[in-house]
Amino acid sequence: MKKVYANANEALDGLLKDGMLIAAGGFGLCGIPELLIDAIVDSGVKDLTVASNNAGVDGFGLGKLLDTRQIKKMMSSYVGENAEFMRQYLSGELELEFNPQGTLAERMRAGGAGIPGFYTKTGVGTVIAEGKEVKEFGGKDYILERGIFADLSIVKAWKADDTGNLIFRKTARNFNPPAAMCGKVCVAEVEEIVPRGSIDPDLIHLPGIYVHRIVQGEHEKRIEQRTTRKREEA
């Protein structure tokens with residue numbers, strides 16, 4: 001089964017449709033599938049629901065899909081660093097389903113494991129719990145959260161072999177593994193594709209069984225918040 005594609009547009013060919021649910025890996029600008037996002041922008045697909053920790057920044061990452069109004073709804077835990085995200089939400093142009101960060105990650109992981117729902121204490125007694133089933137365990141209330149089952153997952157990894165085994169680099173691991181797991185189809189963009197058998201099995205973060213298509217490319221690797229201090233004089 002062919003998994004390696006020449007570019008992001010080819011890797012997404014036949015997978016995109018209006019109104020679909022996409023799970024996207026990344027945290028801020030760390031480990032985001034920027035090439036695949038650009039290809040989605042180019043496709044013109046619309047009315048998307050995107051499950052992702054955040055929506056990038058203005059003009060980069062998922063922020064590009066907000067600029068083109070291709071996203072109808074975000075399922076996120078953070079809206080900061082993106083003025084257009086906040087503007088669209090506050091003006092009623094964009095639907096937003098807020099999730100506590102750990103809950104969002106677990107909803108993705110649960111979907112990948114075939115678990116339709118789970119109970120958690122996080123959000124009990126807050127607006128997060130509104131409209132959700134509440135059940136008592138051990139004398140404490142828990143709310144029911146639903147697993148996320150996405151039509152498509154897009155993720156960014158450091159290395160892959162041609163079977164789709166993935167290694168993520170340091171904190172770029174973040175939401176990528178659970179996002180990859182919860183999609184019916186997972187497309188991964190990577191910095192390097194290495195020969196089959198060259199990756200130590202103990203170092204694999206995500207088995208290739210979850211990954212259906214791979215594309216290698218160059219990445220911009222922006223720094224979201226650059227903080228510096230003056231060098232101390234010798």
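Where is L90 placed? Select it and you land in helix α4. Keep in mind as you click around that this is a predicted model.

**Stop one: the greasy patch.** L90 is exposed, at 70% relative accessible area. Now add M86, Y89 and F98 to the selection: together with L90 they make a nonpolar surface patch of about 400 Å². Helix α4, residues 83-90, supplies the largest share of that patch, with 3 residues.

**Stop two: a salt bridge in the helix.** Stay on α4 and show R87 and E84 as sticks. Their closest N and O atoms sit 2.9 Å apart, in a salt bridge. The two are 3 residues apart in helix α4, so about one helical turn separates them. R87 is partly exposed at 34% relative accessibility, whereas E84 counts as buried at 15%.

**Stop three: strand to loop.** Next, pick E145 and K132, a salt bridge with 2.8 Å between the closest N and O atoms. E145 belongs to strand β8 and K132 to the loop between β6 and β7, so this pair ties together parts 13 residues apart in sequence. Color by accessibility here: E145 is buried at 3%, while K132 is partly exposed at 26%.

**Stop four: strand to strand.** Select K184 and D151, whose side chains meet in a salt bridge at 3.7 Å, N to O. K184 lies in β11 (residues 183-194) and D151 in β9 (residues 150-161), so the link spans 33 residues of sequence. K184 is exposed at 62%; D151 is partly exposed at 23%.

**Last stop: the network.** Select R69, E84, R87 and E93, which salt bridges with shared partners join into one network. The whole structure has 14 salt bridges.

Key
Residues are numbered from 1 along each chain as its sequence is written. This is a predicted model: local features need pLDDT of at least 70, side-chain atom pairs count only at pLDDT 80 or more; totals for chains, interfaces and linings use all residues. Side-chain values use heavy atoms; hydrogens and water are left out. Patches are made of residues with over 30% relative accessible area and no salt bridge: like charges are joined within 9 Å, nonpolar side chains (Val, Leu, Ile, Met, Phe, Trp, Tyr) within 5 Å. Accessible areas come from the Shrake-Rupley method with a 1.4 Å probe; for residues, only the protein chains shown count as cover. A salt bridge is a side-chain nitrogen of Lys or Arg within 4 Å of a carboxyl oxygen of Asp or Glu. Helices (H or I, at least four residues) and strands (E, at least two) are DSSP runs, numbered from the N terminus. Buried means under 20% relative accessible area, exposed over 50%, partly exposed in between (1.4 Å probe, protein chains only).
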